[in-house]
Amino acid sequence: EVVDKIQIYDKMSDQAEFTGFDDGNSSKTLNIITKQSKRQGQFGRLSVGYGEKGKYNASGTYNYFGDGRRISIIGMSNNVNQQNFNIQDIIGSFGGGRGPGGAQFARIAGRMMSAGFGPRPQDMRNMEGGGGPMANYFIGQMNGLSTTNAIGLNYSDLWTDDIEVNASYFFNITNNDNNQSVIRDYILENLSGQRYNQSSLSSSDNTNHRFNMQFKWDIDSSNAISIRPAFTAQVYDNSYKLFGINQLDSTLLNTSDSRNSSDYNAFTFQNELNFRHKFNTPGRTLSFELTNSANDKSGSNYINSFQKYYTSQQIPNDSSNQKSNSPVNGWGMSGNVSYTEPLSDRSQLLINYSASFNTNMSDKRTYDYDYALNVYDMLDTLLSNKYDNDYLTQRAGIGYKLKGDDYNFTANVNYQKADLKGNQDFPYSNDMKYSFDNILPSMML
């Protein structure tokens, strides 16, 4: 009732579309063109189900279209192990105000569905809509049984004829329980008759916030600017219990009892700024790109395990009661400048330079439990490490493009210099410094 036609094509990157110089970063694109009469108004869907043993499943979508503006809300709540939105609901909530033919479209990579479990994380990077990466509306599929509550909002608007704004926000809480049993029988001669029984139970709570925005401004026919900030925040708590018994016929060999728990907080931020300029000469362009990022993760992990051996006096019982803190944080910045020059009606020259700098800091400390003082204060130097590193890369290159009646030929060669500096303060001091020089050629026909 809504769809007029569907197109499938190879979508080039924004930079390639601007310069006309194919960088090879294309993705399979599904372009859903809506009927003109359906681009004004409101529509939605609500589904609620309830069954025995307190099982329920509820989901809904709401969409508003009008005057270049689109607002979409999608939500779900269930305890029947549906951990992600239906792909149909996701596509219905996405759109690019200036998509081909006034379409509401979503960029969808090949192999989108894998054995019916939804898109894979590596495909998510190529799935985008007007409000940001489609991956914002998905979480990694987990084993076990999950109770999920999630909501997503998508906003797309043409503020003026020259300014387009897209934004999305996603929030979800997932409670997961995974109860597993293992019975393993050994049949080889040296282990014949031996059986291992194991039962484990894990429980986790995962909370995610994700925000993306894209601001595009066509200043005039020759200049354009875009800004794309993205932010994610996560809180993760997990507990795990395991008990295993190893026996030979009726003789008990050993037992294993382990209890782990962890709690982590993490956030990431990235912002991308692009400025593009077209000269009066067709094919002559200049573009700048600046990206900055930051990340931080902190939390604690507890391990309490005990292994007991019954038949061999040479193997001592083994126990461990530890707490580890492992904060990791870092930031990065990169920039790129590209210039294209037409050589003829069919050929084009590309000159580019880029540089990036990333620094990361990790300080993992593991403490054994002091039963006398009832605290974790005995530093385990074998399981502790403090390491910082800086990584600087610079790349400069030249490219050539030739466009025929039925073919495209592109050749590039880049020189890259990379410098890695590492500093380890604990458990011992060690400074490292390495440099790498590379010639990076590429060719496409």
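1. Start with the nonpolar surface patch. Its members are Tyr62, Ile71, Ile73, Ile151, Leu153, Tyr169, Phe211, Phe231, Phe267 and Phe269. Together they have about 750 Å² of accessible area. Three elements each give two or more residues to this patch: β5 (69-78), β9 (145-158) and β13. Bear in mind that the model is predicted.

2. Phe211 is one of the residues in the nonpolar patch. Phe211 lies in strand β11, residues 194-218. Its relative accessibility is 34%, so Phe211 counts as partly exposed. Patch membership calls for over 30% relative accessible area, and Phe211 has 34%.

3. The surface also carries a patch of negative charge. Asp177, Asp205, Asp237 and Asp263 gather there. Patch residues have no salt bridge, and like charges are joined within 9 Å.

4. Asp263 deserves its own entry. It belongs to strand β13, which spans residues 251-278. Strand β13 is also among the elements giving two or more residues to the nonpolar patch. Is Asp263 buried or exposed? Neither: Asp263 is partly exposed, because its relative accessible area is 31% and that class runs between 20% and 50%. The patch cut-off is over 30%, and Asp263 has 31%.

5. Turn to Ser37. This residue sits in the loop between β2 (27-34) and β3 (41-50). Ser37 has 59% relative accessibility and therefore counts as exposed; the cut-off for that class is over 50%.

6. How far apart are Ser37 and Val2 in sequence and in space? They are separated by 35 residues in sequence. C-alpha to C-alpha, Ser37 and Val2 are 8.5 Å apart.

Notes:
Residues numbered from 1 in each chain as written. Predicted model: local features only at pLDDT ≥ 70, side-chain atom pairs only at ≥ 80, totals over all residues. Heavy atoms only, no water. Patch = residues over 30% accessible without salt bridge, like charges linked within 9 Å, V, L, I, M, F, W, Y side chains within 5 Å. Areas by Shrake-Rupley, 256 points an atom, 1.4 Å probe, with all protein chains shown as cover. Salt bridge = Lys/Arg side-chain N within 4 Å of Asp/Glu carboxyl O. Lys, Arg positive; Asp, Glu negative; His and termini not counted. Charge placed at Lys NZ, Arg CZ, Asp CG, Glu CD. Helix = DSSP H or I, 4+ residues; strand = E, 2+ residues; numbered from the N terminus. Buried < 20%, exposed > 50% of the residue type's maximum accessible area, 1.4 Å probe, protein only.
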